[in-house]
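Student: Please take me through the side-chain contacts in this predicted model. I would like a close look at one part, with the aromatic rings first and the charged pairs after them.

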Amino acid sequence: MQTGAILYLVWCGLVVTGFAVASSSGSSPFATAGRGAMHSVGFYGPMHK
Amino acid sequence: MADDVTETSFPGPAPPSAPALKAVTCPSCGGSIAIRAAGYSVTLVCQYCGSTLDVANPDVRLITQLSQAASHLDLPLGAHGVLQGLELEVLGYMRRSIAGDAWEEYLLFNPYEGFRWLVRDEGDWSLGVMLTTLPKHEAGSEVTYAGRRFRRQDAPSEARVDYVLGEFYWRVQVGEKVTAETYEGHGADLSCERNADETNWTLITPLGGDVVAAFGGRHPGAVAGAPTAAPSGPVSTSGAKARFGSAPHLFLVGGAATLLLFVLMIAFSGGAPAQTMRFNVTPDGASRTLTVGKITLPRASQRVTLTSRSSQFENMWIDMDYSLIERRTQKRLDVSGSIEHYSGVDSDGRWTEGSYENRVTVASVPKGVYDVVVEASAHRWSENGSSPSTSTPQAGWDATGAATNDLAVEVTSASGGAFLGNFWVALLLIFLPPGVRLLYEMRSRK
């Protein structure tokens, strides 16, 4: 089998495993809060005016 | 070597009669050069000084004088080796390119079987056999040859000779150009090269094993003075593909990986049923604190989602400060959100902003039993900071609606669920390599 194809399969395996585990543990930088979350500065009020 | 190279079932060119070996003296440098296919070769590039000689006539003539140091090839000119059970001698060497993407070609010769091309593209070797019968054009971009179907993979491109050494059966020179296109089949390619005078078809099959060693050559290296090897050209992209796989194949693998990830994310993101609680909060009144639900997290860590909804108000916001308090340890996790909705009329007409729903997600909440406590407070929006009248709207702002009464707020707490952002990032990582490969292939085809 081709070296590149094997490397790509390994890469896909790592990505799938990593994100499946992250999903299982509920980890994400896109969360509002919690471990690894990217917190944003709170702001109240309309942006319109 | 013999294990890796199998006899092809395709017919090759008609074998010529055995040629004579002849030695000539280079008019440029005085070096003694052997013509290995005398009678067939018309051009010889001196292996010592690089000058191009006309050897078609008995009196060897200097075509192009080129002063350069002697070059050493990975497969030396005159070296003998066995490929596919056929003993072949290295006659000539060319480096060719398409738009800067270069590959190497060695012209091989067997006195009874004729010429062969040994192509090296990105370090992978393949053997080319010139066809004596034309492939048959089928519908679309396909041709058939010897009962096998080949599909065109590249648009016609201009291939240029960048470097040449040794002897050839035509008057080859640096700068010579042909229009080349490649047809891909299972386990072999067909290369078609055209110029104003002729069209040549070559069947190219990948070779495994140590080709250099088979010819007693040296590892590694390229020809001194020749351009540096670069990625594939269309004469044979099998080499690159043999190592990296074609973009469609990689996309197929990526698609399968995406599907698997999708299934796993759904399978692993399960949680407890959602709990909903409703309560009222008074605008510009005291804040309310109450426990709105209980969440049990059985796994080591899990996602928690808190969604709050309200309606029937304008130009107000409701602060929602949540706390997840673990019953046993009393550790708390605080997170805040807000429901806000604004509307009015300005010189551009009517506008609205905000949402009657707010969702906050808490990542990696540790295992435990949690009380969900919320502190809610509603506020009217005012441009100058003072509390606006409930009956008379501010200029340019809508009335606060039913804000004179308490606002109904609904809070839903749930565990589990997958982050869509994670999925998009995974998708990007999965399809980045085939995307790069596709761009590379498209660039090579230009």
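Tutor: The count of aromatic pairs is 14 over all chains. One of them joins Phe115(B) and Tyr169(B). Their ring centres are 4.7 Å apart, and the planes make an angle of 40°. That angle makes the pair tilted, because stacked requires under 30 degrees and edge-to-face requires over 60.

Now place the two rings in the chain. Phe115(B) belongs to strand β9, residues 114-121 of chain B. Tyr169(B) sits in the loop between β14 (157-168) and β15 (177-184) of chain B. The two residues are 54 apart in sequence, and the pair links these distant parts of the chain.

Their accessibility is next. Phe115(B) has 11% relative accessibility, so this residue counts as buried. Tyr169(B) has 28%, so that one counts as partly exposed. The cut-off behind both calls is 20%: buried means under that value.

The pair also has company. Ring pairs join Phe115(B) and Tyr169(B) with Phe109(B), Trp117(B), Phe168(B) and Trp170(B) in a cluster.

A ring can also meet a charge. The charged end of Arg303(B) sits over the ring of Phe419(B), 4.4 Å from the ring centre.

Turn to the charged pairs. Over all chains, the structure holds 18 salt bridges. Start with Arg116(B) and Glu113(B), whose side chains meet at 4.0 Å, N to O. Arg116(B) has a relative accessible area of 8%, so this arginine is buried. Glu113(B) has 33%, so this glutamate is partly exposed.

Next come Glu158(B) and Lys177(B), which form a salt bridge at 3.8 Å, N to O. Glu158(B) lies in strand β14 of chain B and Lys177(B) in strand β15 of chain B, so the bridge ties together parts 19 residues apart in sequence. Both ends are partly exposed: Glu158(B) at 48% relative accessibility, Lys177(B) at 44%.

Compare Glu104(B) and Arg95(B). Their side chains form a salt bridge at 3.3 Å, N to O. Here Glu104(B) and Arg95(B) are both buried. These two residues are also part of a salt-bridge network, together with Asp74(B) and Arg120(B).

Note on methods
Residues are numbered from 1 along each chain as its sequence is written. Chains are lettered from A and ligands numbered from 1 in the order in which they are written. This is a predicted model: local features need pLDDT of at least 70, side-chain atom pairs count only at pLDDT 80 or more; totals for chains, interfaces and linings use all residues. Side-chain values use heavy atoms; hydrogens and water are left out. Rings of Phe, Tyr and Trp (its six-membered ring) pair if their centres lie within 6.5 Å; planes under 30 degrees apart count as stacked, over 60 as edge-to-face and the rest as tilted. Helices (H or I, at least four residues) and strands (E, at least two) are DSSP runs, numbered from the N terminus. Buried means under 20% relative accessible area, exposed over 50%, partly exposed in between (1.4 Å probe, protein chains only). A charge sits over a ring if NZ of Lys or CZ of Arg is within 6 Å of the ring centre and within 35 degrees of the ring normal.
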